[in-house]
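Subject: Structure handover

Hello,

Here is the structure I said I would pass on. My notes on it follow below.

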Amino acid sequence: MKKIPYGQADYKNIKQENFYYVDKTKFIEKLENLNERFLIFLRPRRFGKSLFIAMLEAYYDRYYNDDFDMMFGDTYIGKHTTKLANHYLIMRFDFSGIDVNDVENDFRYYLKLTVQSFVKKYQLKLKLEIDNPISMFKTIFEYLNENKLELMILIDEYDNFANKLLLREKTEYLGLVSEKTASFKQFFTVLKTATSGNDSPLKRMFITGVTPMTMFDVTSGFNIGSNISMRPDLNDMIGFNESELDEILKYYKVDIDKDILREWYNNYNFSEDTEQKVYNTDMILYFINKYQVSNKLPKEMIDINVRSDYSKLRNIIYTNKKLNGNFETLQTLIAGDTVSVPNLVQDFSALKLEQTDNFKSLMFYLGLITIDGVGLSLKLKIPNETVKRIDIDFLRDTLALEKMFKLNTDKLEEYFEALALEGSLEIFKYLAQMIKENTGIRDYIYKEQSIKSMYIAYLSLSPYYIVKSELELNKGFADILIKPFNPYVKYVGLLEFKYIKITDKATKQTVEKLKLEATQQLNKYENDSLVTKYTNEGIKLKKVILIFHGWEMLVCEEV
């Protein structure tokens, strides 16, 4: 049986060492048939960009000519080889390892090493006597031009260390992308120069990254390449489509309800012109790797490496020691609603993330939201359970920065267990009590969505349940469904929230009217097949009405 390629980004090694490979080589043909030759392709972290870059290098590099059949003989492109196979000298960069504590020196050192390695690899007869890496590039380009050698440049994670700098210190980031003497800026300037003029040696370029921000800031837009990230025909160039997932599950004999994988890892859509959904590559391989050990669901469905990628994003919604307007967007998403943008912004500065459409677009590029529908505007939502929990971590960490909302985790655990085994409502009352007592959060409690997002965030801490919001049940949309995700759980929960503005009077008549509306809705939702699936298995249903007046709970009772 082939090895599971979890964490593998070396294409040649995957083929040599008998790892499973999902064949993406047909996209080589597609890329060659585009009108553009200098390409920028953006995707979230851990989708397989580095492996795709390695595959391009293996295919186009003259250096690997003798290994071609071994690497591509059983692939699509091996049977449909193009004229450019093994055609170029390849200069490949990976910016993920640049030291952010000494960016300028480490970046210059990395460029020099790359150029020196390039000269040695192809046994070029030239001397690089100048210590300036930018001048070294000019010397290389001149040599290639004189000797009629054609070059392809591959850059993986072009914005990796720039994003780290941005999240740490904006001043450092600004210096990196704007100072004329900064090597990072000079690097892209010299690349642009090498793409122009007759008989330029730089024939093709493929750049991967996560967001367009750094490219915009360093070059004032995509003027050294074409951003192909949102083309519908390239939507699944990385990531697994449905048929690819079926094949890998069949190969490894993973016997599981595929709806679980859809719920946790699917629903990414990177183009408004397709309805195709793709699965996150890393998440699927992580799951299969864990499943192989015991042939059952792993206790932790989320790869810890995916969580760590977003650990510092809280700084984006927390500026000048207070929450900014992006916090409301995050609350809306966590509450299960969509957010809208006229268009996804493709050219925006990292220094203008306080603008709402820029922030929403950034979340899209990071994979924290995805396209859900197209109309007069684009509808964006959280794609799956994994990302929802990352977004929730994002929200909780932000509140923790301000010491705005503190909970007793021991009590939470106790109340979660009481809900799962006894159907206790104490967890809902405890959260309401904490919202009332933590005065710092009150400025952000101004509508039902705010309360609901807080409940979803903290209920999602439970290891026993999956919390679904705005889920369609029996031709309506339930505020919260608390689904069992543990075989020992005895209760499933349906929650309906009602909210009275703090500026309005909470009369007895108003409260009774809201209770009646909530009761009717809950009684309707309980007949949906998603709910009866659990009750038919003997799991008891708790239908709960929660009514708030501002941040104060007025009603918490079972129907």
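What should the twelve residues of helix α10 (residues 183-194) span, at 1.5 Å a residue? The expected figure is 16 Å, and the end C-alpha atoms of the helix are 16 Å apart, which agrees. Please keep in mind throughout that this is a predicted model. The buried residues of α10 are Ser-183, Phe-184, Lys-185, Phe-187, Phe-188, Val-190, Leu-191 and Ala-194.

Salt bridges

The count of salt bridges comes to 27. I went through a few of them in detail.

Lys-498 and Glu-517 form one of these, with their side chains meeting at 3.8 Å, N to O. Lys-498 belongs to strand β13 (residues 491-500) and Glu-517 to helix α22 (residues 508-525), so this salt bridge ties together parts that are 19 residues apart in sequence. Are the two partners buried or exposed to some degree? Lys-498 counts as buried because its relative accessibility is 12%, and a residue is called buried under 20%. Glu-517 is partly exposed, with a relative accessible area of 30%.

Helix α22 also holds a salt bridge within itself: Glu-512 and Lys-515 are three residues apart there, separated by about one helical turn. The closest N and O atoms of Glu-512 and Lys-515 are 3.8 Å apart. Glu-512 has a relative accessible area of 40% and is partly exposed, whereas Lys-515, at 17% relative accessibility, counts as buried.

Another salt bridge joins Glu-526 and Lys-543, with 2.8 Å between the closest N and O atoms. This pair links distant parts of the chain, 17 residues apart: Glu-526 sits in the loop between α22 and α23 (529-535), and Lys-543 in strand β14 (residues 540-549). Glu-526 counts as partly exposed at 26% relative accessibility, and Lys-543 counts as buried at 10%. Elsewhere, Glu-242, Asp-246, Lys-258, Asp-259 and Arg-262 are joined into one network by salt bridges that share partners.

Surface charge

Which residues gather in a patch of negative charge on the surface? They are Asp-410, Glu-413, Glu-414, Glu-417 and Glu-422. Glu-414, one of them, is found in helix α19 (residues 409-422). With a relative accessibility of 51%, Glu-414 counts as exposed, because the cut-off for that word is over 50%.

Backbone

Two asparagines are worth a look when you go through the loops. Asn-86 is not a glycine, yet has a positive phi of about 50°. Its place is the loop between α5 (76-79) and β2 (89-94). Asn-86 has a relative accessible area of 14% and is therefore buried.

Asn-474 likewise has a positive phi of about 50° without being a glycine. Asn-474 lies in the loop between β11 (465-473) and β12 (476-484). How much of Asn-474 is accessible, in relative terms? The value is 31%, so Asn-474 counts as partly exposed.

To find your way around, you could start at helix α22, which holds Glu-512 and Lys-515, and then move to the patch formed by Asp-410, Glu-413, Glu-414, Glu-417 and Glu-422.

Regards

Notes:
Residues are numbered from 1 along each chain as its sequence is written. This is a predicted model: local features need pLDDT of at least 70, side-chain atom pairs count only at pLDDT 80 or more; totals for chains, interfaces and linings use all residues. Side-chain values use heavy atoms; hydrogens and water are left out. Patches are made of residues with over 30% relative accessible area and no salt bridge: like charges are joined within 9 Å, nonpolar side chains (Val, Leu, Ile, Met, Phe, Trp, Tyr) within 5 Å. Accessible areas come from the Shrake-Rupley method with a 1.4 Å probe; for residues, only the protein chains shown count as cover. A salt bridge is a side-chain nitrogen of Lys or Arg within 4 Å of a carboxyl oxygen of Asp or Glu. Lys and Arg count as positive and Asp and Glu as negative; His and the chain ends are not counted. The place of a charge is taken as NZ of Lys, CZ of Arg, CG of Asp or CD of Glu. Helices (H or I, at least four residues) and strands (E, at least two) are DSSP runs, numbered from the N terminus. Buried means under 20% relative accessible area, exposed over 50%, partly exposed in between (1.4 Å probe, protein chains only). The expected span of a helix is 1.5 Å times one less than its number of residues.
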